[in-house]
Amino acid sequence: MASPPDTSKTIKLERYNSYLRRLHSTKVLNASSKLLFRATLLIALVLILFFTLNYPPLSDNIPNHAHLHHHNFLSTAFFASSAGGAAWEKQVRHSSTPKRRNGFSVLVTGAAGFVGSHCSLALKKRGDGVLGLDNFNSYYDPTLKRARQKLLLRHEVFIVEGDLNDASLLRKLFDVVPFTHILHLAAQAGVRYAMQNPQSYVSSNIAGFVNLLEVAKAANPQPAIVWASSSSVYGLNTQVPFSELDRTDQPASLYAATKKAGEEIAHTYNHIYGLSLTGLRFFTVYGPWGRPDMAYFFFTKDILQGKPIDVYQTQDDKQVARDFTYIDDVVKGCLGSLDTAEKSTGSGGKKKGPAQLRVYNLGNTSPVPVGNLVSILEGLLSTKAKKHVIKMPRNGDVPYTHANVTLAFKDFGYKPTTDLATGLRKFVKWYVNYYGIQTRVKKGSAINSEHPEESA
């Protein structure tokens, strides 16, 4: 009888092949698990960064300057991906929807700026819908703008991060919201900086303004527009006080020239397209949450730090004087202009009749020598300034400003009520609190965080 065949080698071979298959499957599974984990982690990080950039957390506390973090990097790329999404449109609509009967729906450009943040809060407080637009540029420290943004968000004012020259973004905003008004305050500010970066003034104050007007003219219905001109347009004018009927064809700086150009551009769009346009010539606005590039702001900083300050005199040894205007008064003027602005008469870019065109001075009517400003700050800070008196350089600054506000009073009751000493006291209170400074400030000056809406 034949012996059975030897199958041991075959069985061993099958076992070995089975082992190899199991080993290969384990490796594939492990590799797949690692890949899936990494992909999940990457997606989670992207989502965290997305929501951090576009939806800052609500907070009841305004952090000090040193603890604020800004996120300019990557903001453009992530903004492009978020604009137009359902969540984004919901925020835009919610912010811009009025809560009072017949309330306005206002697009405020430059909403994270000094005047823009105050006006946005004042409008929201009275029940208007407000949507902000700001590019958070670095002309001065953006952390201050981010702090204003955080405060606005607490009051349900959403700021879209974008640029005036982004026409597609502006068109998208108008597609989502039928704005009744635009308060156009975005601009490249500052007289002296124009000598360093002239193109930024042309890009923002002229090209950006035209871009906004182009989108507004095509809207249906067209919004009424109130926009910020400047007292700088009076330039070399020597007739005082400055009246809206005075010459404005001799600008002393590129900044002034771009604002004067804006007034002429406004006339053109009013004439051709029926846009209702009101220009406001601001006179040296100051107050809490102000601009660090303004003299009263950096004087306060340097006096507290024991640094010398430059106090200018004219070429013929006269004191430089300014018509300092407190932020509360300017806000009232801006809202008065919006309230009395007539509707635009065009539709879809075609004019159907004459439209309102106005320009107003918004000043304090009481010029104060800069030396007096320094004396007031010395008293409030209980610190003697180290003054360095020098001749005013030929950088476009003018020696004297003085506003005649008769027209604004006649048309919407504009009447400034805050003198410089009172306004500076409020500013100093805000400054020492915001920056957490321990000083010898006069008793009663240190208070809790003074919000824009509490001083507007």
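**Close-up views of a cavity and a helix pair**

**View 1. The second largest cavity fills about 40 Å³**. This is a predicted model, in which local features need pLDDT of at least 70 and side-chain atom pairs count only at pLDDT 80 or more, while totals for chains, interfaces and linings use all residues. Residues are numbered from 1 along each chain as its sequence is written, and side-chain values use heavy atoms, with hydrogens and water left out. A cavity is a set of points on a 1 Å grid over the protein atoms alone where a 1.4 Å probe fits but cannot get out. Its volume is the space filled by probe spheres set on the points, which are joined across faces, edges and corners.

**View 2. Residues line the second largest cavity**. Lining residues have an atom within 4 Å of a point, and here they include His184, Phe209, Trp227 and Lys259. Helix 8 (254-273) is among the elements giving two or more residues, and its three residues are the largest share. Helices are DSSP runs (H or I, at least four residues), numbered from the N terminus. By class, the lining has five nonpolar, four polar and one charged residues.

**View 3. Helix 4 meets helix 5**. The axes of helix 4 (residues 114-125) and helix 5 (residues 142-154) come within 10 Å and cross at roughly 5 degrees. That makes helix 4 roughly parallel to helix 5 (angles under 35 degrees). Axes are lines fitted to C-alpha atoms over the stretch in contact, with angles running from 0 to 180 degrees between N-to-C directions. In contact (heavy atoms within 4.5 Å), Phe114 and Leu121 are among the helix 4 residues, and Arg148 is one of those from helix 5.

Key: On a 1 Å grid over the protein atoms alone, a cavity is a set of points where a 1.4 Å probe fits but cannot get out, and a pocket is an open set with protein on both sides within 12 Å along at least five of seven lines; lining residues have an atom within 4 Å of a point. Ala, Val, Leu, Ile, Met, Phe, Trp, Tyr, Cys and Pro count as nonpolar, Asp, Glu, Lys and Arg as charged, and the others, Gly among them, as polar. Angles under 35 degrees count as roughly parallel, over 145 as roughly antiparallel, 65 to 115 as roughly perpendicular and the rest as oblique.
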